[in-house]
Amino acid sequence: MTGKLNKIAFLSALITALVFSACASTVVIPEDLSSEEIIQRGQEAMDNNRYNAAMQYYQALYERNRRSIDLVITAEYHIAYIHYKQRNYTQARAGFNGVIEQYNIPDEELLPQHFRRLSQIVLQRIDEIEGVNR
């Protein structure tokens, strides 16, 4: 009986490891992919709860577009939102606060305003969640 339980435990651990390694796979993002296509693929990954893949798309968006504040904010918001969806509230909070900080410039009205407001809303939700869990 003990041997059978050990085999079941081993198989269970093996299956768990395989599932997590499949989730952690690397996404190949072609260099010629436009920013719009990267955002679209990131959103599709999010819609399918493939957070690791979505994270890779938005990190690529950030890395490839550091000179475009609009795309940097887009990437930072989505990265923070992925952390929120994964219940990594500390990282999510830091990310959303970073997005809001991007608006502390003289021409802030030229930036996409919806990401600032969405960040504020999700930060309030995190406060509510953490208040309940304390």
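**Ser35, helix 4 and its aromatic rings**

Trainee: Where is the place of Ser35?

Mentor: In this predicted model, Ser35 has its place in helix 2, which covers residues 35-47.

Trainee: Is Ser35 buried or exposed?

Mentor: Ser35 has a relative accessibility of 15%, and because buried means under 20%, Ser35 counts as buried.

Trainee: And what is Ser35 in contact with, leaving aside neighbours within four places in sequence?

Mentor: With those neighbours set aside, Ser35 is in contact with Leu61, Asn65 and Leu71.

Trainee: Switching to helix 4, how many of its residues are buried?

Mentor: Of the 17 residues in helix 4, 13 are buried, so the helix is largely enclosed by the rest of the structure. Helix 4 runs over residues 69-85 and reaches 24 Å from its first C-alpha to its last, close to the 24 Å expected at 1.5 Å a residue. Just after helix 4, Arg87 takes a positive phi of about 65°.

Trainee: How many aromatic pairs are there in the whole structure?

Mentor: The search finds 5 aromatic pairs. One of them is formed by Tyr77 and Phe115, a tilted pair with 5.1 Å centre to centre and 40° between the planes. Tyr77 lies in helix 4 and Phe115 in helix 6 (residues 113-133), so this pair ties together parts that are 38 residues apart in sequence. Both Tyr77 and Phe115 are buried.

Trainee: What about Tyr81 and Tyr84?

Mentor: Their ring centres are 5.6 Å apart with the planes at 40°, so that pair is tilted. Tyr81 and Tyr84 both lie in helix 4, 3 residues apart, about one turn of the helix. Tyr81 is partly exposed at 22% relative accessible area, whereas Tyr84, at 14%, counts as buried.

Trainee: Which residues form the aromatic cluster?

Mentor: Tyr77, Tyr81, Tyr84, Tyr89, Phe96 and Phe115 form one aromatic cluster.

Key. Residues are numbered from 1 along each chain as its sequence is written. This is a predicted model: local features need pLDDT of at least 70, side-chain atom pairs count only at pLDDT 80 or more; totals for chains, interfaces and linings use all residues. Side-chain values use heavy atoms; hydrogens and water are left out. Helices (H or I, at least four residues) and strands (E, at least two) are DSSP runs, numbered from the N terminus. The expected span of a helix is 1.5 Å times one less than its number of residues. Buried means under 20% relative accessible area, exposed over 50%, partly exposed in between (1.4 Å probe, protein chains only). Contact means heavy atoms within 4.5 Å. Rings of Phe, Tyr and Trp (its six-membered ring) pair if their centres lie within 6.5 Å; planes under 30 degrees apart count as stacked, over 60 as edge-to-face and the rest as tilted.
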